[in-house]
Amino acid sequence: MLNIVPASKYDATTVETFFGDHWTSQTNRHELLTHGRFIEINGGRRGFYAIVPKEKGIGQLRTLYFTEQLQASLLLTLIDWIKDEAAENGYQQLMVFSHRLSTDTLFETWGFEKITGKPPISVDKPSEEGEWWMTPVTSSTNVDKTP
């Protein structure tokens, strides 16, 4: 069974342990503890993401992190759920920073568009070079609903 569980349901040590050595490289850790979500499959934590509120109806997707145990076949479904969550929380757009070519490819596949120039909102400049990506979000609807 797959569940999306707020990181706030756990103590900070649980989040730190999940990230291991990667925790020290995370900026604004409080945002991750407050807005983070664990992706749990059959009780095991297999991924993590956070949608951090920004200005102008934009949420920033931060720290999209998957363990090796997460099945690649779930990635497309997960990004749809993340977009749905963003829409349900009132965001019109979702922005993300990518610092790897392989991640750039995933974001492009997921319908994100590369931002040329400065991002449309004020954000902390990441320490590494990379690309900003953005996508509109809309909540999924059930086409089989009867009026």
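Is F19 buried or exposed? F19 is buried, since its relative accessible area is 2%, which falls under the 20% cut-off. The close-up views below come from a predicted model, and they start with this residue and its neighbours.

**View 1. F19 and Y65 form a ring pair.** The whole structure holds 12 aromatic pairs. In the pair shown here, the ring centres of F19 and Y65 are 5.1 Å apart and the planes meet at 35°, so this pair counts as tilted. F19 belongs to helix α1 (residues 12–19) and Y65 to strand β4, so the pair ties together parts that are 46 residues apart in sequence. While F19 is buried at 2%, Y65 counts as partly exposed, with 23% relative accessibility.

**View 2. Ring pairs build a cluster, and R45 joins the scene.** Follow the ring pairs and you will find Y10, F18, F19, W23, F38, F48 and Y65 linked into a cluster. Now look for R45: its charged end sits over the ring of Y10, 4.5 Å from the centre. The charged end of R45 also sits over the ring of F38, 5.3 Å from that centre.

**View 3. The sheet has seven strands in an open arrangement.** Trace the strands in the order β1-β2-β3-β4-β5-β7-β6, and note that the pairing is mixed. β1 (2–6) and β6 (113–114) stand at the edges with a single partner strand each, so one side of each has no neighbour in the sheet. At the β6 edge, 2 bridges join β6 to β7 (residues 131–136), and these strands run antiparallel. Here K114 stands opposite W133 in β7.

**View 4. Strand β2 sits between β1 and β3.** This place in the sheet follows from the strand order. β2 is mostly covered, with 5 of its 6 residues buried. On one side, 5 bridges join β2 to β1, running antiparallel, and P6 has R37 in β2 as its bridge partner. β2 and β3 also run antiparallel, joined by 6 bridges, and F38 stands opposite F48 in β3. These two strands form a hairpin with 2 residues between them, and N42 in the turn has a positive phi of about 50°.

**View 5. Helix α3 is covered by strands.** Helix α3 (residues 75–88) has 14 residues, which at 1.5 Å a residue should span 20 Å; the end C-alpha atoms are 20 Å apart, so the two agree. Its buried residues are L75, L78, I79, I82, K83, D84, E85, A86 and A87. What covers them includes β1, β2 (36–41), β3 (44–53), β4 (58–66), β5 (93–98) and β7. Just after the helix, G90 takes a positive phi of about 90°.

**View 6. Two separate nonpolar cores can be picked out.** In soluble globular proteins, nonpolar side chains tend to be buried together. Of the 21 residues in the largest nonpolar core here, I51, L61, I82, L94, F107 and F112 touch the most other members. The elements giving two or more residues to this core are β2, β3, α3 and β5, and α3 gives the most, with 6 residues. Leaving out residues up to four places away in sequence, I82 touches Y49, I51, L61, L64 and L94. The second core has 10 residues, including W23, F38, F48 and V52. You have already met W23, F38 and F48 in the ring cluster.

Definitions and conventions: Residues are numbered from 1 along each chain as its sequence is written. This is a predicted model: local features need pLDDT of at least 70, side-chain atom pairs count only at pLDDT 80 or more; totals for chains, interfaces and linings use all residues. Side-chain values use heavy atoms; hydrogens and water are left out. Two strands pair if DSSP finds at least two bridges between them. Helices (H or I, at least four residues) and strands (E, at least two) are DSSP runs, numbered from the N terminus. The expected span of a helix is 1.5 Å times one less than its number of residues. Buried means under 20% relative accessible area, exposed over 50%, partly exposed in between (1.4 Å probe, protein chains only). Contact means heavy atoms within 4.5 Å. A nonpolar core is a set of buried Ala, Val, Leu, Ile, Met, Phe, Trp, Tyr and Cys residues joined through side-chain atoms within 4.5 Å. Rings of Phe, Tyr and Trp (its six-membered ring) pair if their centres lie within 6.5 Å; planes under 30 degrees apart count as stacked, over 60 as edge-to-face and the rest as tilted. A charge sits over a ring if NZ of Lys or CZ of Arg is within 6 Å of the ring centre and within 35 degrees of the ring normal.
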